[in-house]
Amino acid sequence: MLVKCPKCSKYYGEKAFIPGKNFYCSCGQKVLFEPEQIFSHLAKICKDYELKVEEEKINQIRNLADKIVSLIFDNTSTKLDIDIQKQKLKALIDQLSPDKMDEYALIYEPRFNRLWEQFRKSPET
Ligand SMILES: [Zn+2]
């Protein structure tokens with residue numbers, strides 16, 4: 001998106017404009033960024049920020065889920081250790097994205113159980 005200087009017709013990219021700050025062309029003319037453009041620019045910043053926050057939440061959940069998987073693979077960890085981490089994961093999902101609790105029941109729990117069956121099931125457990 002380009003904005004034209006009304007005086008000398010020089011073009012500037014949207015990155016040259018910082019919301020809330022005046023922008024002056026190299027010829028000295030104050031160049032206004034169109035309000036609609038500013039709003040769409042701000043909306044994009046907000047969206048990027050939300051995506052970042054969302055990504056951060058997903059990473060935290062994923063990291064803990066990965067930790068549980070590695071505990072299942074690690075023969076020195078007990079079923080209790082794993083159950084504690086599972087409770088932590090549930091609490092984390094509930095805290096960060098309550099709308100994703102279904103995901104825990106549908107994706108994580110069956111996955112952990114399947115891995116447990118596959119790698120740890122032995123006559124004494
Ligand atoms: Zn100019």
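Helices and strands here are runs assigned by DSSP, with at least four residues for a helix and at least two for a strand, numbered from the N terminus. With that in hand, welcome to the tour of this predicted model.

**Stop 1: the whole chain.** Show the protein chain as a cartoon and look for 3 helices and 4 strands. Start at the N terminus and follow the order β-β-β-β-α-α-α. The radius of gyration is 26 Å, well over the 14 Å that the globule rule gives for 125 residues, so the chain is more spread out than a compact globule. Turn the model and view the C-alpha trace along its principal axes: the spans are about 85 × 25 × 20 Å.

**Stop 2: the helices.** Select residues 35–73 for helix H1, 79–96 for helix H2 and 101–119 for helix H3. Which residues make up the largest nonpolar core? Show the side chains of Ala65, Ile68, Leu71, Ile72, Ile82, Leu89, Ile93, Tyr104, Tyr108 and Phe112, the 10 residues of this core. H1, H2 and H3 each supply at least two of them, and H1 gives the most, with 4 residues.

**Stop 3: Leu89.** Now pick out Leu89, one of the core residues. What does Leu89 touch, leaving out residues up to four places away in sequence? Add Leu64, Ala65, Ile68, Tyr104 and Tyr108 to your selection, and you have its partners.

**Stop 4: back to the full view.** Zoom out again and think about the chain of 125 residues: buried residues make up 10% of it. Among contacts with a separation of 6 or more, 35% join residues 24 or more positions apart.

Methods. Residues numbered from 1 in each chain as written. Predicted model: local features only at pLDDT ≥ 70, side-chain atom pairs only at ≥ 80, totals over all residues. Core = buried A, V, L, I, M, F, W, Y, C linked by C-beta atoms within 7 Å. Buried ≥ 20, exposed ≤ 12 C-beta atoms within 10 Å, placed from the backbone. Contact = placed C-beta atoms within 7 Å. Rg over C-alpha atoms; globule rule 2.2 N^0.38 Å.
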